[in-house]
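User: I would like to go through this structure step by step, with each term explained when it comes up. Could you begin with the term that we need for a first overview?

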Amino acid sequence: QYLPTSSLTSNNFATNEPIELNYTNPPSGQKQVQYVIARANVPATGPGATHVRYSLPGNGLSGYGPAEYFAYNTVTTGGHAMAEGSNGTAAYSVFRPSLPETFTSPGPVRIYFDDQGNRLPLPTVRRQPRVATADAANVSSNMNGYFAGDASSDYDSDGNFSGTSAAGPHAAAIAALVLEAHGGHHSLTPTQMTTLLEHSTFAHDLDPSYASGFARTSTGETITVTIASDGSGPSAAGSIGVTGTGGADANSITVKYTGSGNLNSITFNPQGDAADGGNVSGGSSGYQDSASQITYFENNSPGIVFAPVQLPLTVGSASTVLSGSVTPTFSNLAPAPSNGTTQYWTMGLGFDASFTTGNALRFTVGRAVQHSSAVGTLNAPINGTTSTSYLGDLLGGGVTLPRGSINLNGMSFSGTTAAGTFTGVIRNRLGSGYSPVDGYGFINAQQAVLQAAP
């Protein structure tokens, strides 16, 4: 069925632009549409297009998001943020400065044509974004209506400006301090400044939206756990493509078994406590105000909880272990959030004898960080309020800011096979280097200035 009101119909030969920008909302009463992208002709001369990029600019809005055939961290950086010589800037929340904001646009970008429209012999790859800084800081109260309302993560009434548009000015401010320390105007070339900032960053996650764990039994069987998921979750149990892909992707968590016999069970966070529950760099809020003295600080409120009431355990279509072969159990009650939803520190999965070598269980389940960044009364964070997040990185290790402390271990797991037992831990790949989500990482302003000092 052709849906004319949901289709892109620009004449690209007339516009001379290899891009279409338009809204493709489903017709009234229809939840989903299917896109068909096909070649209309074959060019008479020269090679035809071999690469198509399809982006949904929903930015978290309800009703936008792919239901199938998608890839996490698909390139969405574009426009001035990918211009030659620019320094695209990723954003980290000032209240929970541990991971990039989920709306940061990933790179890198590939340029296929020069500015005259001529195809390049080889595409140019530009590593964008280049660096990351904080967003969600205060703006003056008279700007509330223009930028945003006041965040629930601080005690003042000023608005908080979020987005990569808010992170960019912070990067420019750090660059100004670097110039001042280095000798002033023209003391560094743009290339030197970019290089210095890239080498003045904290360690960060080099495999965004992904975490993994590995365990081996005493008799040689191996168990691998992988999580590939962004931070978005479904608005209701079983919904797909409503507010994003993370929670709705029923293939986002994988448990794979290799060896003799079969896998009997696996338990996530068997200790049933926050310290072994992942989200090692999270907390309640990184802000306090005491006697008019504002302080941003690191806190220690880790832990991911399981919320099967919000999203029951759902086995994915790519799983070779059938849903009828899995028995989930939840234990070790965690503090109930403000909405009263029951949540647990521990999730156990039991299997019948069919979980043999080479098989994989792929599934998803409701999960959230145990402490949101919301604050209650002055200097008294609201304990127990959760913030739903399906980001795979949260189950692995992390880097706390501004100290830069590296904690390699995330959520623990253990289990049994027909022949023995195993234990393991979920980790991220932490270190220095380029990541497609936050470039070379969050700038350490102090280190950048000290590097620049004569």
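Analyst: A residue counts as buried if its relative accessible area is under 20%, as exposed if that area is over 50%, and as partly exposed in between, using a 1.4 Å probe and protein chains only. The model is predicted, so local features need pLDDT of at least 70 and side-chain atom pairs count only at pLDDT 80 or more, while totals for chains, interfaces and linings use all residues. Residues are numbered from 1 along each chain as its sequence is written, and side-chain values use heavy atoms, with hydrogens and water left out.

User: What percentage of the 454 residues of the protein count as buried?

Analyst: The protein has four helices and 25 strands, where helices (H or I, at least four residues) and strands (E, at least two) are DSSP runs numbered from the N terminus. Of its 454 residues, the share that counts as buried is 44%.

User: Which residue meets R126 in a salt bridge?

Analyst: A salt bridge is a side-chain nitrogen of Lys or Arg within 4 Å of a carboxyl oxygen of Asp or Glu, and a search of the whole structure finds two of them. In one, the N to O distance is 4.0 Å, and the pair links strand β3 (residues 119-126), which holds R126, to the loop between α1 (12-15) and β1 (89-93), 42 residues apart. The partner has 71% relative accessibility and therefore counts as exposed. The residue that meets R126 is E84.

User: Is E198, which forms a salt bridge with R130, buried or exposed?

Analyst: The side chains of E198 and R130 meet at 2.4 Å, N to O, and they link helix α3 (residues 190-198) with the loop between β3 and β4 (131-135), 68 residues apart. R130, at 18% relative accessibility, counts as buried. E198 has a relative accessibility of 11%, so E198 counts as buried.

User: How many residues apart in sequence are the parts that F202 and F442 tie together?

Analyst: Rings of Phe, Tyr and Trp (its six-membered ring) pair if their centres lie within 6.5 Å, and planes under 30 degrees apart count as stacked, over 60 as edge-to-face and the rest as tilted. F202 and F442 form a tilted pair, with 6.2 Å centre to centre and 40 degrees between the planes. F202 lies in the loop between α3 and β7 (204-205), and F442 in the loop between β25 (430-431) and α4 (445-452), so the parts they tie together are apart in sequence by 240 residues.

User: What is the nearest side chain of opposite charge to D393?

Analyst: D393 lies in the loop between β20 (387-388) and β21 (398-400), and is buried yet has no salt bridge. For charge, Lys and Arg count as positive and Asp and Glu as negative, while His and the chain ends are not counted. The nearest side chain of opposite charge is 10 Å away and belongs to R429.

User: How are α2 and α3 oriented to each other?

Analyst: Axes are lines fitted to C-alpha atoms, for helices over the stretch in contact (heavy atoms within 4.5 Å), and angles run from 0 to 180 degrees between N-to-C directions. Angles under 35 degrees count as roughly parallel, over 145 as roughly antiparallel, 65 to 115 as roughly perpendicular and the rest as oblique. Helix α2 (residues 164-182) and α3 pack at about 110 degrees, with their axes 11 Å apart. The two helices α2 and α3 are therefore roughly perpendicular.
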